[in-house]
Amino acid sequence: VVPGVTSAISVPAAAGVPVTHRAVNYEFVVVSGHVAPGHPESLVNWDALAAMRGTIVLLMAVERIELFAKVLLQGGRPAETPVLVVQHGTTAAQQTLQTTLADAPEDIRAEGIRPPAIIVIGEVAGLRGDVPGPGGGEGGGPVRLADEVAAAAGVEPVDALIAEWLETLPLPQLPGPGSTRV
């Protein structure tokens with residue numbers, strides 16, 4: 001995890017899924033799952049999200065997945081739309097589930113997936129390499145994904161360098177309230 005890079009992008013990437021892919025889609029939307037569809041405080045146009053072809057990344061949405069899947073299906077999103085759920089992303093406890101929009105609620109419950117988890121809805125979720133957790137798996141993950149992206153785009157694959165081991169460094173001490181240091 002890189003400080004400043006949102007989990008909406010980094011967690012799917014760590015699981016082998018880019019949120020955008022030039023051969024599949026050009027846009028993505030990040031939506032908080034704290035407020036249910038139809039709630040008076042919701043500002044989300046769920047019909048517009050259902051109609052778009054791009055990726056939807058749902059944060060904090062596992063506990064209301066039934067509501068989100070239902071409104072997207074009612075809005076016209078195809079039932080067979082690929083879905084990737086990543087629980088405890090970028091940690092040693094990372095677990096992933098690939099399913100479809102129609103099956104996501106039942107599959108999430110059957111697998112016992114709980115927060116924290118990120119839900120990726122869209123064609124990119126079907127591109128996932130076989131990455132069981134951080135660092136990838138043999139013959140899968142980011143390297144295979146890079147090869148697939150290159151093939152779909154009709155270009156030569158670029159050599160990829162993947163760090164299997166990362167060093168964890170402590171964060172610097174930040175100035176306290178009222179400090180003039182930046």
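**Figure 1. The lining of the second largest pocket, by residue class.** By class, ten nonpolar, four polar and two charged residues make up the lining of the second largest pocket. Please keep in mind that this is a predicted model. The pocket has a volume of about 220 Å³. Of its 16 lining residues, M60, P115, P116, A117 and I118 are the closest to the centre. Two elements, α1 (7-14) and β5 (117-121), each supply at least two residues of this lining.

**Figure 2. A closer look at M60, P115 and P116.** These residues belong to the group closest to the centre of the second largest pocket, and their backbone deserves a look of its own. The peptide bond from P115 to P116 is cis, with omega near 0°. P116 lies in the loop between α4 and β5. M60, for its part, is found in the loop between β2 and α3. Phi of M60 is near 55°, which is a positive value in a residue other than glycine. With a relative accessible area of 47%, M60 is partly exposed.

**Figure 3. Strand β2 and its buried side chains.** Is strand β2 largely enclosed or open? Five of the five residues of β2 (residues 55-59) are buried, so the strand is largely enclosed by the rest of the structure. In a regular strand, side chains alternate between the two faces of the sheet. Here, T55, V57 and L59 point one way from β2, while I56 and L58 point the other way. All of these residues are buried, whichever way they point.

**Figure 4. The two partners of β2.** Strand β1 (residues 28-32) pairs with β2 in the parallel sense over five bridges. In this pairing, F28 stands opposite T55 of β2. To get from β1 to β2, the chain passes through helix α2 (residues 46-51), and this β-α-β crossover is right-handed. β5 also pairs with β2, this time in the antiparallel sense and over four bridges. There, L58 stands opposite I119 in β5.

**Figure 5. V29 in strand β1.** This view turns to a single residue of strand β1, V29. How exposed is V29? V29 counts as partly exposed, at 26% relative accessibility. The C-alpha atoms of V29 and A8 are separated by 9.4 Å. Along the chain, V29 and A8 are 21 residues apart.

**Figure 6. The salt bridge between E63 and R114.** Side chains of opposite charge can pair when their charged atoms come close. The structure holds two salt bridges, and one of them joins the side chains of E63 and R114, at 3.2 Å from N to O. E63 lies in the loop between β2 and α3 (65-74) and R114 in the loop between α4 (104-110) and β5, so this pair ties together parts that are 51 residues apart in sequence. R114 is partly exposed, with a relative accessible area of 45%.

**Figure 7. The salt bridge between R109 and E66.** Which parts of the protein does this pair tie together? The side chains of R109 and E66 meet at 2.9 Å, N to O, in a salt bridge. R109 belongs to helix α4 and E66 to helix α3, so the pair ties together parts that are 43 residues apart in sequence. R109 counts as partly exposed at 36% relative accessibility. E66 is partly exposed too, with a relative accessible area of 34%.

**Figure 8. T90 and the loop that holds it.** Where does T90 lie? T90 is in the loop between β3 (82-87) and β4 (95-100). Phi of T90 is near 65°, a positive value in a residue other than glycine. T90 is partly exposed, and its relative accessible area is 27%.

**Figure 9. Placing the close-ups in the whole protein.** How many helices and strands does the protein have? Its secondary structure comes to five helices and five strands. Read along the sequence, these follow the pattern α-β-α-β-α-β-β-α-β-α. Of the 182 residues in the protein, 35% are buried. The residues of β2 shown earlier, T55, I56, V57, L58 and L59, are among the buried ones.

Technical notes
Residues numbered from 1 in each chain as written. Predicted model: local features only at pLDDT ≥ 70, side-chain atom pairs only at ≥ 80, totals over all residues. Heavy atoms only, no water. 1 Å grid on protein atoms, 1.4 Å probe; cavity = no way out; pocket = protein on both sides within 12 Å on 5 of 7 lines; lining within 4 Å. Points joined across faces, edges and corners; volume = space filled by probe spheres on them. Nonpolar A, V, L, I, M, F, W, Y, C, P; charged D, E, K, R; others polar. Buried < 20%, exposed > 50% of the residue type's maximum accessible area, 1.4 Å probe, protein only. Pairing = 2+ DSSP bridges. Right-handed = clockwise from strand over helix to strand, strands pointing away. Salt bridge = Lys/Arg side-chain N within 4 Å of Asp/Glu carboxyl O.
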